[in-house]
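Q: Let's zoom in on a single part of this one rather than tour the whole thing. Take me through how the second chain is split up, and what its pieces do where they meet.

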Amino acid sequence: MSEYLILIYENEAGYADQDPALWQQAMEAHGKFAEQVTAMGAKILGGNALQPTATATSVRGDVVTDGPFAETKEALGGYYLVEASDLDQALAIGKLCPAPFGGVEVRPIMEFPEG
Amino acid sequence: MTDPRAVSDAVAEAHRREWGFVLAATARVAGNIDLAEECVQDAYGAALEAWLRDGVPRSPGAWLTTTARRRALDALRREQTLRRKLPLLVEPLGEGEMPVADEITDDRLRLVFTCCHPALAREAQVALTLRLVCGLTTAEIARAFLVSEPTMAARVTRAKKKISAARIPYRVPGAADLPDRLDAVLTVVHLLFTTGHTAPVGADLLRHDLVERALDLGRVLRHLMPDEPEVRGLLALMLLTDARRDARVGPDGSLVLLEHQDRSRWDGAAIDEGIVLVSELLRGSPGRFGLQAAIAGVHAVAPSWEDTDWPRVLLLYDALLVRWPNPVVALNRTVAVLMVHGPAAALAEVERLEADGRLSGYRYLASTKADLLRRLSRDDEAAAAYRQALELVDNDAERAFLQDRLAGLEA
């Protein structure tokens, strides 16, 4: 088994109006996602949603600037750390992961040799 | 003592035919592709000497596989930790144990599917397939795709690193993913073929080597997956297209269009083989490669350009556009429209494609339009379109052809 980070990139405008119905829908989608991942024999090790990029502050060296590290149309909005048998299973998880206003990036976690 | 010439020929032949097979079988023991490649390289090196001394073995592939696997096992024994660090592909076999036929089949397929995994960029898929399945050197691949050797080496290294870091699995995909994954494999093989068939840049219209490799791969896939219609379709398409190889280039190296080709110079044996595959295909429901093969088949059996069954070609293009809504297909279809409904109808289709915009900068759009305008005697517009096509072309033979046409209009 290997670990992968599923990074959820979405257009924040999609969630901007704070519509409770939309919120409810998203919560249910993520709940269902968690069940599906377990059902396929993989594991969610962790994960979180992030506050929008308007709340971000960047630090480069000693310089503190407001805003995210890079301005992009689709911003990092959340992540899951998962354990999967291989990239194919990780990609299958990525396909299931809810991201209605964008998509996800699947990155293998670097493993360091022991000793 | 065996004849040195015969031995080096046998090694070269084994390299061409068996590299992918030997590598795939060795990768199973070695546990990672880099070690496997090194051991296979060593085995080919050892073959030259051993076969000179003992004669060429009856099954060179089996000899090479045994030798490469033994080296891999030795290396693993020397460096026990390697297997823990690189668990990819590990499935150790005992020494001297040879895989049974089904496993060999599987190994080679796994290798192909790994090289063409969708997590790798298309250009990396192509490079890895040539390197790992066909055994081409990085320098050879770089030459074929007109990039520098360091660039190609970096591309191959990056791809291999991704396979191991991201744990791209070494296996044939399951039934659910197979159609998409197989399509990627076939696309890579077809890309090799078309790159060889029409070299995009430079003086050589044909790069026989790539064409031969693509045909070899097509045959291997057909052997490994005999029931997949698209595998059959791709092989048929390549055979029927390549059958015209000798007639495509004039004595002065110039391009000869299908319309003007000397059909007696087509390769009858390749056509027969392709036609058998096509007729098998048409009994089922052919996919995009199968339909393209069927179109090539109609041309292959036609006595002349004029006496081609154009309504059938048009029908097949319509079916192809449904399966594969691609603007290049739509452009090729306009030739059938021309032959069935005349140049005005064909021009209307071309102008529609022009408005669509997806083909802007595509050299064959301008040259097709030029040809239709020429047929409609709209000479000034035709000349302008030829000039536009000339700006986009980068193959010497095609450039000469367009200049010739333009000169004819301006005379």
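A: A quick word on terms: the domain bounds used here come from an automatic or database domain assignment. Also keep in mind that the model is predicted.

With that in place, chain B is assigned domain 1 (4-99), domain 2 (106-343) and domain 3 (344-411). Let's start with how domain 1 meets domain 2. Taken over C-alpha atoms, the centres of domain 1 and domain 2 of chain B are 30 Å apart. Across that boundary, 16 residues of domain 1 of chain B are in contact with 13 residues of domain 2 of chain B. Which elements of domain 1 give two or more residues to that side? They are α1 (4-30) and α2 (33-54) of chain B. Of the elements on that side, α1(B) gives the most, with nine residues. By class, the domain 1 side of this contact holds 11 nonpolar, three polar and two charged residues.

Now slide along to the end of domain 2, which the assignment places at residue 343 of chain B, with domain 3 picking up at 344. A helix pair sits here: α16 of chain B covers residues 327-341, and α17 of chain B covers 343-356. Their axes come within 7 Å and cross at roughly 165 degrees. Because an angle over 145 degrees counts as roughly antiparallel, α16(B) is roughly antiparallel to α17(B). As for handedness, α16(B) passes α17(B) in a right-handed crossing.

Who actually makes the contact? On the α16(B) side you have Pro327(B), Ala330(B), Leu331(B), Thr334(B), Val337(B), Leu338(B) and His341(B). Facing them from α17(B) are Pro343(B), Ala345(B), Ala346(B), Glu349(B), Val350(B), Leu353(B) and Asp356(B). Sorted by class, the residues of this helix contact are 10 nonpolar, two polar and two charged. The polar ones are Thr334(B) and His341(B), from α16(B). The charged ones are Glu349(B) and Asp356(B), from α17(B).

One last contact, this time with the other chain. Seven residues of chain B are in contact with six residues of chain A. On the chain B side, five of these residues are nonpolar and two are charged, with no polar ones.

How values were computed: Residues are numbered from 1 along each chain as its sequence is written. Chains are lettered from A and ligands numbered from 1 in the order in which they are written. This is a predicted model: local features need pLDDT of at least 70, side-chain atom pairs count only at pLDDT 80 or more; totals for chains, interfaces and linings use all residues. Two residues are in contact if their C-beta atoms, placed from the backbone, lie within 7 Å. Axes are lines fitted to C-alpha atoms, for helices over the stretch in contact, and angles run from 0 to 180 degrees between N-to-C directions. Helices (H or I, at least four residues) and strands (E, at least two) are DSSP runs, numbered from the N terminus. Angles under 35 degrees count as roughly parallel, over 145 as roughly antiparallel, 65 to 115 as roughly perpendicular and the rest as oblique. A crossing is left-handed if the near helix is turned anticlockwise from the far one by less than a right angle, and right-handed if clockwise.
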